[in-house]
Each structure stands twice: as structure tokens, then as C-alpha cells.
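Colleague: I would like to go through some of the labels attached to this model and hear the reasoning behind each.

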Amino acid sequence: EFWSVSLYKDFCKCEASALARLNGDEKPKKSDALLLGSYVDSFMEGTLDAFKKEHPELFKKDGTLYAKYEIADKMIEKATESKKFMQYMSGEKQRIFTADMFGVKWKCKLDSYIPGVAIVDLKTISKISDIGKWGYHIQASVYQRIVEINTGFKLPFYLACVSKEEEPELAIIQIPQSIMDETLLDIEENIRR
């Protein structure tokens, strides 16, 4: 019923694969990286206990995380020690917005929505220097526009990044408005084709 940034990116990569996923013929794989990121996300949104119950495969019999997931607790510790980082993550959690854009319905879920102030998306990444590889400007453009349609406010978009390194690093990165404006024009052109 709704377009999302993930669906848009899937169609840009491979239309056949995107259609197969929509039809249920192809299931997305749960990678270790995705599970680790979801663990940190669930902590930030206050649902870690429920996440742990839903994903017992992350834990040994004694209840501790398997080695490949132990970094998640270090990432959380690093993030919670930073007053600035937690300030960016202090907004409404998982706030859903919908809007009609370019003739189709869109839906987004914001990690941290600070009404009238900012949109913040939590990113767990291998290294902070990798952030440019993932096309987050697309997400920023769509989320900003959907929020603007709903509220009348064009809010700045930030990435709150925590790395998966042995010693996690933090970064708050603002996506430049000029990049979001240009990206939104590209998305509109692609959708209307």
C-alpha cells in the first residue's frame, strides 16, 4: 500500500527482485549486521527486553551474547555516555508519518523525531568513514519531505552514528539541504517514469 525508502532503493537496484519481495516470493535475509543494529535500535527505543525474547539466537545458554554480537553492548555504552548523542536520540521514538508524494503513498518511521527541531536516524555502521557508501541522503530527503507535508516544517535531518569497531566511535552528521533538495528531484523523476 505504501512506498518506503527501502522499497524505492530495491526498485532502483533490481525491479524483478523488488517485485519478488513484494509478492512474498523472496524473503529478506536477517544478517548478523542487521540483527546487531536492531539490538542497538531496540535499546534506544526502549524495547530491548522484547527484542531479546524475539531473538534468542543471539544468546548463549547462560544468557550472554554470542561473541559476534558482544559489540552491541559496547556500542550502547558508548552512546549512552555521550550527553550530545543521547540528546539527538531523545525525540519521539519510531514516529510514523505517511504522505502522498509524486502520485504515490509513502510511509516512514523516524528513530527520533524532535517536533519543530529535527529528524534523527540512528545508524550502526562498521566505521564512521563508511557513512557515505549507503545512500542515506535518499532516506533523509524522503523523511524530511514527508514530515514537511504533515507538519509544515522543513526540519534538518541528522544521522546519529555509532560504529561497530572494537572501540565504538560516535558521530552526528547533518545531511546538507542542497543534497536533499537535489535527491528529492531525482526521486520524483524516477517515480514518475
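Modeller: Arginine 145 and glutamate 148 sit three residues apart in helix α7, which covers residues 136-151, and that spacing is about one turn of the helix. The model is a predicted one.

Colleague: What makes arginine 145 and glutamate 148 a salt bridge?

Modeller: Their closest N and O atoms are 3.2 Å apart. The cut-off is 4 Å between a side-chain nitrogen of Lys or Arg and a carboxyl oxygen of Asp or Glu, so the pair of arginine 145 and glutamate 148 qualifies.

Colleague: Why is glutamate 148 called partly exposed?

Modeller: The relative accessible area of glutamate 148 is 22%. Buried requires under 20% and exposed over 50%, so glutamate 148 is placed in between, as partly exposed. Arginine 145, at 30%, is also partly exposed.

Colleague: How many salt bridges does the structure hold?

Modeller: There are 10. One of them joins aspartate 10 and arginine 21.

Colleague: How do you know that aspartate 10 and arginine 21 form a salt bridge?

Modeller: The closest N and O atoms of that pair are 2.8 Å apart, and the limit is 4 Å, so the criterion is met. Aspartate 10 belongs to helix α1 (residues 5-13) and arginine 21 to helix α2 (residues 15-22), so the bridge ties together parts 11 residues apart in sequence.

Colleague: Why does aspartate 10 count as buried, and what is arginine 21 called?

Modeller: Aspartate 10 has 17% relative accessibility. Buried means under 20%, so the label follows for aspartate 10. Arginine 21 has 34% and is therefore partly exposed.

Colleague: What makes arginine 95 and glutamate 92 a salt bridge?

Modeller: Here the closest N and O atoms are 2.9 Å apart; with the limit at 4 Å, the pair of arginine 95 and glutamate 92 counts. Both residues are partly exposed, arginine 95 at 29% and glutamate 92 at 33%.

Colleague: Why is phenylalanine 51 called buried?

Modeller: Phenylalanine 51 has a relative accessibility of 8%. The cut-off for buried is under 20%, so phenylalanine 51 is buried. Phenylalanine 51 is part of helix α4, residues 48-54.

Colleague: Which residues does phenylalanine 51 contact, leaving aside neighbours within four places in sequence?

Modeller: Leu35, Ser38, Tyr39, Ser42 and Leu58 are in contact with phenylalanine 51. As for aspartate 41, 10 residues away along the chain, its C-alpha atom is separated from that of phenylalanine 51 by 9.7 Å.

Key:
Residues numbered from 1 in each chain as written. Predicted model: local features only at pLDDT ≥ 70, side-chain atom pairs only at ≥ 80, totals over all residues. Heavy atoms only, no water. Helix = DSSP H or I, 4+ residues; strand = E, 2+ residues; numbered from the N terminus. Buried < 20%, exposed > 50% of the residue type's maximum accessible area, 1.4 Å probe, protein only. Contact = heavy atoms within 4.5 Å.
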